[in-house]
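Here are some short exercises to work through with the model open in your viewer. Try each task before reading its solution.

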Amino acid sequence: MSHDRGSIARLLIVVAAGSLVIQAGCNDRTTPTSPTPTTTDAPAGTDVEPLRVAAQASGKLVGAAVASNLLGDGRYAGVLARHFNYVTAEYEMKWDAIERTRGNRDFGAGDAIVAYGRASGMQVKGHALIWHGSVPGWAGGLSAADLRVAFENHIRSVADHYRGAVRAWDVVNEAIADSGPALRDTVFRQKLGDQYIADAFRLARQADPQALLFYNDYGGEGLNQKSDRIYDLVQGLRAQGVPIDGVGLQMHISATNPPSTANIAANMSRLASLGLLVNISEMDVRIRDVPGTLQARLDVQKSVYHAIVGVCVAEPRCDGVTFWGFTDAHSWIDAQFGADDPLLFGEQYAAKPAYYGVLDALWRR
Ligand code: XIL
C-alpha cells in the first residue's frame with residue numbers, strides 16, 4: 001500500500017521529541033478540545049458521550065464493522081449500540097460465507113446483524129457482493145460460462161434477500177491492482193472479462209433498486225496512481241450509464257505515514273464532482289511503529305483520527321465514516337499486520353484518546 005506523506009507526519013517528529021506541540025499547518029483544524037485520558041483513567045465506552053449524537057448533528061453516518069458471533073456479548077453490544085448508527089457485516093455477507101456449497105445459501109449470520117441494527121435504530125451496509133478475497137472454493141474452478149451463471153445468481157439472490165434491509169452495498173471491492181495493469185487479475189476478470197464490474201452494478205440495481213451502490217477499495221485514499229485509477233474506473237462507469245452511486249475509501253492506515261488531509265479532501269472532491277457520494281468505509285489506524293511511549297502513540301492516533309474524520313465531515317458528499325471494528329479486543333489488524341491497538345475503544349472497552357479525536361471531528365471542533 002503506497003501513501004503520500006501528509007502534514008500529520010510533521011507531528012510525529014514533535015512527538016518523538018517527547019513534547020506534543022501541534023505545529024501550524026499540521027492540519028486545518030483547531031486543536032482538539034476533548035481531554036486525552038491516560039491509559040489508566042479512561043472512562044468506560046458505555047459512559048462517554050455517544051458518537052452517533054455528534055454524527056447526527058453533522059448529518060453524517062458513523063459506522064462500525066461488526067461480527068455476528070459477538071452480538072451476544074453485552075459489553076460489545078452495549079458500546080456498539082451507544083455510539084454507532086451504521087453497521088457493516090465484517091464477513092457474514094461475503095460470497096464464501098453465504099454460499100459455502102453451490103446453491104445452498106445461509107443468510108443466518110447476516111440476518112442477525114440486520115436484526116440487531118434494526119433493533120438499535122441503525123442502518124446497514126451490505127459488504128461485499130463481489131470480492132476476489134471471498135470467492136467460494138467451488139466457484140473458483142468453474143468454467144467461464146458456469147462462473148457467469150453463478151456470479152449472476154449470487155448477486156441477484158443476495159441483493160434480493162436484503163432488499164429494503166440495507167441502505168447501501170459495496171458491490172465490487174478491490175478490483176484495482178496495487179501496481180502493473182490497472183485492473184486486479186482476479187478470477188472474475190480472467191473468466192468474465194473487464195466487463196464484470198459494470199455487470200455487477202447493473203445486476204445489483206435490478207435486484208435492489210433502492211440501495212446505494214458503491215465501489216470500495218484501499219490504498220487510493222489520497223492522491224496517487226491507485227486513486228487515479230479508481231477515479232478513471234468510476235468515471236468510465238458513469239460515462240457508460242452504469243448505476244454506481246459512490247466510492248468507499250477503506251482507510252486502513254498507519255499513523256506513521258497517513259495520507260495527507262489535503263490530498264484526501266482533493267480526492268473526495270474530484271469524486272464528488274462526478275456526482276458520486278464518498279465515504280470512509282473501513283478505517284483503522286495502526287500505531288505499533290509510532291515512536292515514543294504508549295500515551296504518545298495514542299495521542300498521535302487521536303490526531304490522525306481527528307484530522308481524517310474531519311475531512312469527511314467537511315465534505316458535503318461524504319455520507320459517513322465506518323471503522324473496521326471499534327474495540328482493540330476484536331480487530332483484523334492483529335492477524336494481518338501484527339499486534340496493535342488500531343481502534344477507538346480499548347481491549348476493556350474504555351474510551352481511548354482516538355474516541356475523543358473522532359468525537360471532536362464529528363462536532364466540527
Ligand atoms: C477482513 C476481515 O476483517 C477479516 O476478519 C477476514 O478474515 C478477512 O477480511 N478489506 C475489506 C474487508 O474490504 O472485507 C476485509 O475484512 C479487510 C480488508
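A polar contact here is a pair of N or O atoms within 3.5 Å. Keep in mind that the model is predicted.

**Exercise 1. The ligand site**

Task: List the residues around the ligand, then find polar side-chain atoms that lie close to its oxygen atoms.

Solution:
- Step 1. Select residues with a heavy atom within 4 Å of the ligand. You should get Glu90, Tyr91, Lys94, His127, Trp131, Asn173, Glu174, Gln250, His252, Glu282, Trp324 and Trp332.
- Step 2. Start with glutamate 90: a polar atom of its side chain is 2.4 Å from a ligand oxygen.
- Step 3. Go on to glutamate 282, where a polar side-chain atom and an oxygen atom of the ligand are 2.7 Å apart.
- Step 4. Check histidine 127 as well: an N or O atom in its side chain lies 2.7 Å from an oxygen atom of the ligand.
- Step 5. Finish with the surface. The ligand taken alone exposes 410 Å², and the protein buries 76% of that.

**Exercise 2. Backbone geometry**

Task: Which peptide bond that starts at histidine 127 is cis, and where does tyrosine 349, with its positive phi, lie?

Solution:
- Step 1. Read omega from histidine 127 to alanine 128: the value is near -10 degrees, and the bond is cis.
- Step 2. Place alanine 128 in the fold; this residue belongs to strand 3 (residues 123-131).
- Step 3. Turn to tyrosine 349, which is not a glycine yet has a positive phi of about 65 degrees. Tyrosine 349 sits in the loop between helix 13 (333-337) and helix 14 (353-362).

**Exercise 3. Two helices**

Task: Describe how helix 7 and helix 9 meet.

Solution:
- Step 1. Fit the axes of helix 7 (residues 144-161) and helix 9 (residues 196-207): they come within 8 Å and cross at roughly 35 degrees.
- Step 2. Assign the hand: the crossing is right-handed.
- Step 3. Collect the contacts. Helix 7 contributes residues including Phe151 and Ile155, and helix 9 residues including Tyr196 and Leu203.
- Step 4. Sort this contact by class: eight residues are nonpolar, none polar and five charged.

Terms used: Residues numbered from 1 in each chain as written. Predicted model: local features only at pLDDT ≥ 70, side-chain atom pairs only at ≥ 80, totals over all residues. Heavy atoms only, no water. Axes fitted to C-alpha atoms, helices over the stretch in contact; angles between N-to-C directions. Helix = DSSP H or I, 4+ residues; strand = E, 2+ residues; numbered from the N terminus. Left-handed = near helix turned anticlockwise from the far one by under 90°. Contact = heavy atoms within 4.5 Å. Nonpolar A, V, L, I, M, F, W, Y, C, P; charged D, E, K, R; others polar. Polar contact = N/O pair within 3.5 Å; in protein donor to acceptor, adjacent residues only side chain to side chain. Areas by Shrake-Rupley, 256 points an atom, 1.4 Å probe, with all protein chains shown as cover.
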